[in-house]
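Trainee: I have a model open and would like to learn how to read its features. Where should I begin?

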Amino acid sequence: MKEFINKIFSNQQVTIEELSNFIVEYSELCGIKDTTPQHVQIAVQLIQSGMFDLRYACKNCAGKLGLQVIEMKDKNGVVLYTKIQENNVENN
């Protein structure tokens with residue numbers, strides 16, 4: 001999933017298969033266990049039509065995986081660079 005998230009934030013092309021796998025894995029991570037092919041197809045259509053923000057889902061997924069999404073923006077708020085890194089939280 002980290003590789004997929006990196007592809008999204010670096011604006012690389014992803015295949016429908018990669019996107020479908022992400023949807024299933026992300027659904028399971030969020031507690032949705034019985035994702036059907038029809039659910040995946042609808043989610044893909046919503047993403048492709050711009051009705052669902054894949055970057056938001058990737059940020060949320062990264063947080064659930066213990067990854068930190070760091071964005072560098074210009075003064076107008078336009079994202080220039082995004083970096084994904086492991087959260088290094090020390091236990092005290």
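Mentor: We will go through the aromatic rings, one helix and one hairpin, keeping in mind that this is a predicted model.

Trainee: How many aromatic pairs are there?

Mentor: Two rings pair if their centres lie within 6.5 Å, and planes under 30 degrees apart count as stacked. By that rule there are 2 aromatic pairs. In one of them, Phe4 and Phe22 have ring centres 4.6 Å apart and planes at 20 degrees, so this pair is stacked. Phe4 belongs to helix 1 (residues 2-9) and Phe22 to helix 2 (residues 16-29), so to speak of position, they are 18 residues apart and link distant parts of the chain.

Trainee: Which ring is stacked with Phe22 at 5 degrees between the planes?

Mentor: That is Tyr26: the centres of the Phe22 and Tyr26 rings are 5.5 Å apart, and with planes at 5 degrees the pair is stacked. Both residues sit in helix 2, 4 residues apart, about one turn of the helix. An α-helix has 3.6 residues a turn, so residues three or four places apart point the same way. Phe4, Phe22 and Tyr26 together make one aromatic cluster.

Trainee: Are the rings of this cluster buried or exposed?

Mentor: The cut-off for buried is under 20% relative accessible area. Phe4 has 7% relative accessibility and therefore counts as buried. Phe22 is buried at 3%, and Tyr26 is buried at 14%.

Trainee: What else is buried in helix 2?

Mentor: Besides Phe22 and Tyr26, the buried residues of helix 2 are Leu19, Ser20, Ile23 and Ser27. Viewed down the helix axis, the buried residues of helix 2 fall within an arc of 160 degrees, so they line one face of the helix. They pack against helix 1, helix 3 (37-48) and helix 4 (54-64).

Trainee: How do I check the length of helix 2?

Mentor: Compare the span with the one expected at 1.5 Å a residue. Helix 2 has 14 residues and reaches 20 Å from its first C-alpha to its last, close to the expected 20 Å. Just after helix 2 comes Gly31, with a positive phi of about 95 degrees.

Trainee: In which sense do strand 1 and strand 2 pair?

Mentor: Look at the bridges between them. Strand 1 (residues 67-73) and strand 2 (residues 79-86) are antiparallel, paired over 7 bridges. Gln68, for example, stands opposite Gln85 in strand 2. The hairpin has 5 residues between the strands, and Gly77 in this hairpin takes a positive phi near 85 degrees.

How values were computed:
Residues are numbered from 1 along each chain as its sequence is written. This is a predicted model: local features need pLDDT of at least 70, side-chain atom pairs count only at pLDDT 80 or more; totals for chains, interfaces and linings use all residues. Side-chain values use heavy atoms; hydrogens and water are left out. Rings of Phe, Tyr and Trp (its six-membered ring) pair if their centres lie within 6.5 Å; planes under 30 degrees apart count as stacked, over 60 as edge-to-face and the rest as tilted. Helices (H or I, at least four residues) and strands (E, at least two) are DSSP runs, numbered from the N terminus. Buried means under 20% relative accessible area, exposed over 50%, partly exposed in between (1.4 Å probe, protein chains only). Two strands pair if DSSP finds at least two bridges between them. The expected span of a helix is 1.5 Å times one less than its number of residues. The arc is that of the directions from the helix axis to the C-beta atoms. Contact means heavy atoms within 4.5 Å.
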